[in-house]
Amino acid sequence: MTAVAIDANRLWERIEALSRITDPDRPWTRRSFSPLFLKGREWLANEFRTGGLATSIDAAGNLVGRLAGSDPNLKPIVIGSHSDTVPSGGRYDGILGVLAGLEVAQSLVERGDRLRHPLEIYDFLAEEPSEFGLSCIGSRALAGMFSASMRDLRRPDGMTLREGLAYVGGDPERLASVRRSPDGTAAYVEVHIEQGRVLEQEGTAIGIVTDIVGIHRERITVKGRADHAGATPMLLRADALVGAAHIVGTVYARALALADSDKPLVATVGKLDVLPNAANAVPGEVEMVLEVRCGDEAATRTFGKTLIEEVRPALEALRLEVQAETVSHASPTPCAPVVRDAIRAAASSLGLSSRDLPSGAGHDGVFVALTGPIGMIFVPCLDGRSHAPEESIEPHQAADGARVLFETVRRLDAILG
Ligand code: HGY
Ligand code: MN
Ligand code: MN
């Protein structure tokens, strides 16, 4: 094998350029299904083409760049991540993996180094929870886990996800065309920032992900009665936000009690919508999303149900009704030994320190794993900050991730059938 020759400057310039396609008032924001998202996609598609990739948008709204392999019988090796962001955060979360993939592909083209396997670079649609309430939309479709009824989800302005898919260039009536068989992917590799502090605190260059946490989301609705905030005596109120606050406190306390278990659970209420949301009105209704993450499948599913049972008497005493419905569920997902071993060998061949670690963040790999073996390469990020405007990495950390990706892909190309 010849030495790794990715262009670290080009990679960093691209990272800077794409990150700057942001809502100027809320850096670093590029929400899926927004005009800014399309602007980022247009830039990205152009870079894919410059890099020599055959580029298209599939029916599920994924941007895909392809390089042919030398053996037409082999399944593709897939590299991917996402170009959408959470609100006000995610400068590197997602784009690093897509642009490292592009850098690997372009470097292969420039060296005349053709893989045996086809190579596909994916910018998966809407990895982060979208305004439709659903995350990992593009990778879900790849795995056949995007159900027909999900097309009817609506975002607050009334647009349906069916319309959203068409808006980003997908075809909601042809989603089955992107579905892969359970062995349809030779291997999937994603480079991502760690979003935690382990690598930075240890001074380790590369994280080899052992498994990706399971994520369960429930929409909880508390119904009371909107009333005049001045004319309604305290004893006659049914204040939905008071009930919601009780739920949030209970979520925190229950998760805290599980913090020391061998499979720690984390639970968050990070999104609340209050109606009518006026200073002089008693809140009549609150809708919130409870998110539960754990390496244990059963624990993620049961947390919300037992929570509602626990809080119901207190809410009834407040004259409130409470309902919960599942928004999405992703199972805890192990990374495949074959990919983990290739990443470890790649890091070692480059003289980079590495260690195993689990991912507490969700990733498209959870769904891609239903189509073939997956693995993830983590690089450190400053102070572990992520999903916040402060998220930061150094150019050499991005380059380390891309170099390990390059070596990993070449190793997998050599050993996989
Ligand atoms: O929410 C997550 O864990 C990921 O960043 N999408
Ligand atoms: Mn994220
Ligand atoms: Mn991400």
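Here are five short exercises, each with a worked solution, on a predicted model.

**Exercise 1. Find which residues hold the manganese ion (ligand 2), and work out where they sit along the chain.**

Step 1: Start at the metal and look for the protein atoms that coordinate it. You'll find Asp 93 (OD), Glu 128 (OE) and His 387 (NE2), at 2.0 to 2.2 Å.

Step 2: Now write these donors as a spacing pattern. Along the chain they read D-x34-E-x258-H.

Step 3: Place the outer two on the chain. Asp 93 is in the loop between strand S3 (77-81) and H3, while His 387 is in the loop between strand S15 (374-379) and helix H11 (395-415). That pair links distant parts of the chain, 294 residues apart.

Step 4: Place the remaining donor. Glu 128 belongs to the loop between strand S4 (119-123) and helix H4 (137-142).

Step 5: Check how open each donor is, with buried meaning under 20% relative accessible area and exposed over 50%. Asp 93 comes out at 2%, so it's buried. Glu 128 has 4%, so it's buried too. His 387 has 40%, so it counts as partly exposed.

**Exercise 2. Do the same for the manganese ion (ligand 3), and say which residue bridges it to ligand 2.**

Step 1: List the protein donors. They are His 82 (NE2), Asp 93 (OD) and His 192 (NE2), lying 2.0 to 2.2 Å from the ion.

Step 2: Turn them into a pattern. In sequence, the spacing is H-x10-D-x98-H.

Step 3: Locate the two histidines. His 82 is in the loop between S3 and H3, and His 192 is in strand S5 (residues 187-193), so this pair ties together parts that are 110 residues apart in sequence.

Step 4: Test whether the histidines are buried or exposed. His 82 has 0% relative accessibility, so buried is the right word. His 192 has 1%, so it's buried as well.

Step 5: Look for the bridge. Asp 93 coordinates both manganese ions, ligand 2 and ligand 3, which are 3.7 Å apart.

**Exercise 3. UniProt lists two sets of residues as "binding site" in an unreviewed entry; decide which set clusters in space and which does not.**

Step 1: Take Asp 93, Glu 128 and His 387, one of the sets listed by UniProt. They're spread over 295 residues of sequence, yet the largest C-alpha distance is 10.3 Å, and they do cluster.

Step 2: Back this up with contacts, skipping neighbours within four places in sequence. Glu 128 is in contact with several residues, including His 82, Asp 93 and His 387. His 387, in turn, touches Asp 93 and Glu 128, among others.

Step 3: Now take the other UniProt set: Arg 217, Asn 280 and Arg 293. These span 77 residues in sequence, but the farthest two C-alpha atoms are 36.4 Å apart, so they don't all gather at one spot.

Step 4: Zoom in on two members. Asn 280 sits in the loop between strand S9 (266-275) and strand S10 (281-282), and at 53% relative accessible area it's exposed. Beyond its close sequence neighbours, Asn 280 is in contact with Asp 227, His 228 and Ala 229.

Step 5: Compare Arg 293, which lies in strand S11 (residues 285-294) and is buried at 14%. Among the residues that Arg 293 touches is Arg 217, which UniProt lists too.

**Exercise 4. Describe helix H3: how far does it reach, and how enclosed is it?**

Step 1: Count along it. H3 (residues 95-111) has 17 residues.

Step 2: Compare its reach with what you'd expect. From first C-alpha to last it covers 24 Å, close to the 24 Å expected at 1.5 Å a residue.

Step 3: Look at burial. Since 14 of its 17 residues are buried, H3 is largely enclosed by the rest of the structure.

Step 4: Check the end. Just after H3 comes Gly 112, with a positive phi of about 65 degrees.

**Exercise 5. Find how much space lies in the second largest pocket, and what lines it.**

Step 1: Begin with the volume, which is about 220 Å³.

Step 2: Go to the lining. It has 15 residues, and the closest to the centre are Glu 194, Gln 195, Gly 196, Arg 197 and Gly 384.

Step 3: Ask which element gives the largest share. That's strand S14 (residues 354-359), with 3 residues.

Terms used. Residues are numbered from 1 along each chain as its sequence is written. Chains are lettered from A and ligands numbered from 1 in the order in which they are written. This is a predicted model: local features need pLDDT of at least 70, side-chain atom pairs count only at pLDDT 80 or more; totals for chains, interfaces and linings use all residues. Side-chain values use heavy atoms; hydrogens and water are left out. Helices (H or I, at least four residues) and strands (E, at least two) are DSSP runs, numbered from the N terminus. The expected span of a helix is 1.5 Å times one less than its number of residues. Buried means under 20% relative accessible area, exposed over 50%, partly exposed in between (1.4 Å probe, protein chains only). Donors are N, O and S atoms within 2.8 Å of the metal (3.2 Å for Na, K and Ca); water is not among the atoms, so sites may look incomplete. UniProt positions are given in the numbering used here, feature names are shortened, and annotations may be inferred rather than shown by experiment. Contact means heavy atoms within 4.5 Å. On a 1 Å grid over the protein atoms alone, a cavity is a set of points where a 1.4 Å probe fits but cannot get out, and a pocket is an open set with protein on both sides within 12 Å along at least five of seven lines; lining residues have an atom within 4 Å of a point. Grid points are joined across faces, edges and corners, and a volume is the space filled by probe spheres set on the points.
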